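Visitor: I have a structure open and I'd like to learn how to read it. Could you walk me through a few features?

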Amino acid sequence: MNNQFLTINFSKMKKVTKWALPVAMIVFLSACGSKSEEGNTSSHQDSTAHEHHEGMDMGGKETGKVVLKDDKLNAVYQHYIHLTTALINSDTAEAKIAASAIEAGLGQVPQGSQAAKTASRIIEAKDIESQRTLYSALSDEFIPLVKKAGLNSGELYVDFCPMANKDKGGYWLSAQKEIKNPYMGDKMISCGEVKETIN
């Protein structure tokens, strides 16, 4: 009877193994995939946390990141930097996207209506040179708003290029001392100088 029992159980075990092994493999592989995705998420969170701590001094106060005291103006500032980068890269489409966000944001800022109108003209501009000319007017309107609001952290630099706007000159804001000229793009990327520091 023991031999019969072993033979019956062995044949049942073969049948179970035929379908159980593939199912177990699927479960195992999908679990590995989830683990790998969790690992990626974890490593992304670790790197984000690391980046956040890099901008802080030992007292927990942010040192490098620019934050304006006025939250609405701070949101507009982020789009202003986006616009500046687009002009540095001579990217008219990206400049229009950034200008659109600036226009919407400045509509929420007291005394931002004139700068909002200028931003709307950047959206309508047909070429990069027209956008850069209007950017100069936008910067002339935006910089006083930023100065008035003040900063919670970081430093801003008021940069100037004497050759912008057909040698009339043009100002812009930057969070870096290194000059990256939005008026000249890659033709003369480092043309200009820091005229003022806002902190």
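Guide: Happy to, and keep in mind that this is a predicted model. Let's start with strand β4, residues 170-174: four of its five residues are buried, so the strand is largely enclosed by the rest of the structure.

Visitor: Which strand does β4 pair with, and in what sense?

Guide: A general idea to begin with: in a regular strand the side chains alternate between the two faces of the sheet. Here, β3 is the partner of β4, and the two run antiparallel over five bridges. For one place to look, find Cys161, which stands opposite Gly170 in β4.

Visitor: A cysteine catches my eye. How many disulfides does the structure have?

Guide: A disulfide is a covalent bond between the sulfur atoms of two cysteines. A search of the whole structure finds zero of them. The closest cysteine sulfur to that of Cys161 belongs to Cys191, and at 3.7 Å it is too far for a bond, since the cut-off is 2.5 Å. Cys191 is likewise in no disulfide.

Visitor: Are those two cysteines buried or exposed?

Guide: Go by relative accessible area, where under 20% means buried. Cys161 has 0% relative accessibility, so it counts as buried. Cys191 has 13%, so it is buried as well.

Visitor: Let me zoom out. How many helices and strands are there?

Guide: Six helices and five strands. Reading along the sequence, you meet them as α-β-α-α-α-α-β-β-α-β-β. Of the 199 residues in the protein, 33% are buried. The accessible surface comes to about 12600 Å², and carbon and sulfur atoms account for 56% of that.

Visitor: And how much of the contact pattern joins residues far apart in sequence?

Guide: Take the contacts between residues at least 6 apart in sequence: 57% of them join residues at least 24 apart. For a case you can click on, try Gly154, in the loop between β2 (151-153) and β3 (156-161). Its C-alpha atom is 8.8 Å from that of Ile198, although the two are 44 residues apart along the chain. Gly154 has 16% relative accessibility, so it counts as buried.

Visitor: Now the helices. What span should α2 have, going by its number of residues?

Guide: The idea is to count 1.5 Å a residue, taking one less than the number of residues. For the 18 residues of α2 that predicts 26 Å, and the end C-alpha atoms are 26 Å apart, so the two agree. Do the same with α4, residues 113-124: its twelve residues should span 16 Å, and its end C-alpha atoms are 17 Å apart, which agrees.

Visitor: What do the buried residues of these helices pack against?

Guide: Start with α2, whose buried residues include Leu73, Val76, Tyr77, Tyr80, Leu83 and Leu87. The buried residues of α2 pack against β1 (67-68), α3, α4, α5, β3 and β4. In α4, the buried set is Ala115, Ala116, Thr118, Ala119, Ser120 and Ile122. They pack against α2 (71-88), α3 (92-106) and α5 (128-149).

Visitor: What should I look at around the ends of α2?

Guide: At the start of α2, a side-chain oxygen of Asp70 comes within 2.9 Å of the backbone nitrogen of Lys72. After the helix comes Ser90, with a positive phi near 55 degrees.

Visitor: Which other residues have a positive phi?

Guide: One is Gln111, where phi is near 65 degrees, and it isn't a glycine. Gln111 lies in the loop between α3 and α4. With a relative accessible area of 59%, Gln111 is exposed. Another is Asn165, also not a glycine, with phi near 55 degrees.

Visitor: Where is Asn165, and what does it touch?

Guide: Asn165 is in helix α6, residues 164-167. Leaving out residues up to four places away in sequence, it touches Arg132, Thr133, Ser136 and Gly170. There's a polar contact to find too: a polar atom of the Asn165 side chain lies 3.0 Å from the backbone oxygen of Gly169. Gly170 brings us back to β4, since it is the residue that Cys161 stands opposite.

Notes:
Residues are numbered from 1 along each chain as its sequence is written. This is a predicted model: local features need pLDDT of at least 70, side-chain atom pairs count only at pLDDT 80 or more; totals for chains, interfaces and linings use all residues. Side-chain values use heavy atoms; hydrogens and water are left out. Buried means under 20% relative accessible area, exposed over 50%, partly exposed in between (1.4 Å probe, protein chains only). Contact means heavy atoms within 4.5 Å. Accessible areas come from the Shrake-Rupley method with a 1.4 Å probe; for residues, only the protein chains shown count as cover. Two strands pair if DSSP finds at least two bridges between them. A polar contact is a pair of N or O atoms within 3.5 Å; within protein, one must be able to donate a hydrogen and the other to accept it, and residues adjacent in sequence count only if both atoms are side-chain atoms.
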